[in-house]
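Work through the following exercises with the model open. Each one gives a task and then a solution in steps.

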Amino acid sequence: MTLASQTIQAIAVSPGIAIGRVMRVRPYNRLLEPELQKIDDVEAEVRRYRAAVEATRAELTALQEQVRSKLNSSDADIFEAHLLLVDDRTLTAQVEKNIRDKHFNAEYALFKAGESFARVLGGMQDEYLRERAADIRDVAARIMGVLTNTVSGEIGLDDRRIIIASTLSPSETAQLDRRKVLGFAVETGSATSHTAILARSMQLPAVVGIPPELPEKLSADDKLIIDGYTGKLIINPDARTEEAYRLRAQAAGELYSALERENTLRSETTDGFVVQLAANLDSPDGIDEAKRNGAGGIGLFRTEYLFMNRGDLPGEEEQFEIYKQLLVACDEQPVVVRTLDVGGDKFNTNIYRASEQNPFLGLRGIRLCLHERRDILETQLRALLRAGVYGNLRVMLPMVSSIREVIDVKSLIGNLQRKLEQEQREFLSHLPLGVMIETPAAAILAERFAPLVDFFSIGTNDLVQYTMAIDRGNDRVAYLYRPSHPAILELIRHTVEAARAHNIFVSVCGQVASDPAMVPLLVGFGVHELSMPPASIGVVRRVIRNLAMHEAETVAREALRCSNASDALAISEALLRRSSPEIVNI
Ligand code: PEP
Ligand code: MG
């Protein structure tokens, strides 16, 4: 029996549209509880376990090679993490202890150890560590498969289908055959999970956050539409909806192919105003994608991801090599590296000393670096100063709210430069320094910050959160989260004016920079650059190339007079609809 027609709002993690029937998958990484057996010859059982680990290692190495040849090397690196877990001494020790002390059979010993590790990780505040719980279960389930001699996780499909599962592990995702799978919808995960990263790399439309009971309710006869742009999952659509989505998918495909061919065109308005387009990256792995989309540099490199998923902190040499790689790969294009922005929802248990009641209002970003972990900032700045000679480096400070913070960092940079000189090291003698404008204090005091720095980058993700007093991760107040709110527009206008008055560069690097409906407004305010996820650059380039600056300026002026977010957005959207109807309709 098929389910009634309905639409579920999930979370979009990989763009595109998929239409097809359901394939339910029993997840690899659901570590099912095996039968407990008591073992007498514990040493033989330990040997059996070790042999299974050995076989799993060989299986993973083969899989890694297979993925490396099909996808890019960063996707194959995920298996590196799994291989490390297979060899994890704490896990092995716990399994062997369970066998020797409790006389558990290897399967049960592994289940107990794997589950307890996964539970500990699953309870961590650091999102990255929480997601590693799935990796532990994935690896344990693999070893279990070898122990029980069962091949799991192979997805045998006869026609192309949409995968529905409670979770899909990275290794399952990587094994999906693009010729057989249209896309997937899963219950758990987030846009930063490895599974989502792989889905984007494989260009499979995907959503996460579907209701937990849904996979059990759906059967092979149910038809689904995955809208990887908006996060909608439509179950058994009526004929009209399906046809509309088919047309949309076709149009989107044609548009994206056309946009890719435009990646060398200048991002300028019809009346000749250039707006730079840059990429937001979390790791150097994104450079190729940024180049493919014709990014004019890196407008935001979020360094906090270099500090996550590890037990130690990256040292000066390690960071130096990463920044150098980034700068060399970008030739002479500008690369804006942001100093560590840990805090808020980005945790790292190695760095924090105490948990906070309101982490978004706590020791985040530059506050943490100046107040409690100056050592981290010093190491990072030394690495940056040294790497800076290899390209066009700019450094940006996050979460700035007072002038003092900038003065402190500048004096620290001066000291570090003197030290590097004494050490006779090569370093950048003028390091262009900028601040994120993401607190209302920084926006209001923009005229006073401007003479001290070389550029501003407006971080609307946080500027909205702090100005409107809305936790950016809280779905209960998400309805209030409107970047076109008059208070935000006023702060953007004010910041751009201050930058222009002091002749410094001003960029926008929050999510709004990639929202086609907001682009006319931002261009009309006169920002010099929009920085965004690489995949969005093509669309924004087209929007800008279809815009006339004088019209964008009129829109910005009119929007500033609006008393609510919807009216302001509607004005910008109306211009988008007139100038780029093909973009509005995807
Ligand atoms: C922002 O706040 O807009 C921003 C770009 O930084 P992040 O999303 O990393 O906080
Ligand atoms: Mg921010």
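## Exercise 1: a loop asparagine

Task: locate Asn105 and decide whether Asn105 is buried or exposed.

Solution. Asn105 sits in the loop between α3 (89–102) and α4 (106–122); helices (H or I, at least four residues) and strands (E, at least two) are DSSP runs, numbered from the N terminus. The model is a predicted one, in which local features need pLDDT of at least 70 and side-chain atom pairs count only at pLDDT 80 or more, while totals for chains, interfaces and linings use all residues. Residues are numbered from 1 along each chain as its sequence is written, chains are lettered from A and ligands numbered from 1 in the order in which they are written, and side-chain values use heavy atoms, with hydrogens and water left out.

Next, take the accessibility. Asn105 has a relative accessible area of 3%, so Asn105 is buried (under 20% relative accessible area; exposed is over 50%, partly exposed in between; 1.4 Å probe, protein chains only). Finally, a polar atom of the Asn105 side chain lies 3.1 Å from the backbone oxygen of Glu35.

## Exercise 2: the magnesium ion

Task: state which residues coordinate the magnesium ion (ligand 2) and where they lie in the chain.

Solution. Donors are N, O and S atoms within 2.8 Å of the metal (3.2 Å for Na, K and Ca); water is not among the atoms, so sites may look incomplete. Glu438 (OE) and Asp462 (OD) coordinate the ion at 2.0 to 2.1 Å. The pair links distant parts of the chain, 24 residues apart: Glu438 is in the loop between β13 (433–437) and α15 (440–444), and Asp462 is in helix α17 (residues 460–468). Glu438 is buried at 1% relative accessible area, and Asp462 is buried at 2%.

## Exercise 3: the shell around ligand 1

Task: describe the residues around ligand 1 and the polar pairs they form with ligand 1.

Solution. There are 14 residues around ligand 1 (a heavy atom within 4 Å). Arg302, Arg338, Asn461, Asp462 and Arg472 come nearest. By element, α17 gives the most to the shell, with 3 residues; β10 (298–302) and α17 each supply at least two.

For the polar pairs, an oxygen atom of ligand 1 is 2.8 Å from an N or O atom in the side chain of Arg302. Backbone polar atoms also take part: that of Asn461 is 2.8 Å from a ligand 1 oxygen, and that of Thr460 is 3.2 Å from one.

How values were computed. Polar contact = N/O pair within 3.5 Å; in protein donor to acceptor, adjacent residues only side chain to side chain.
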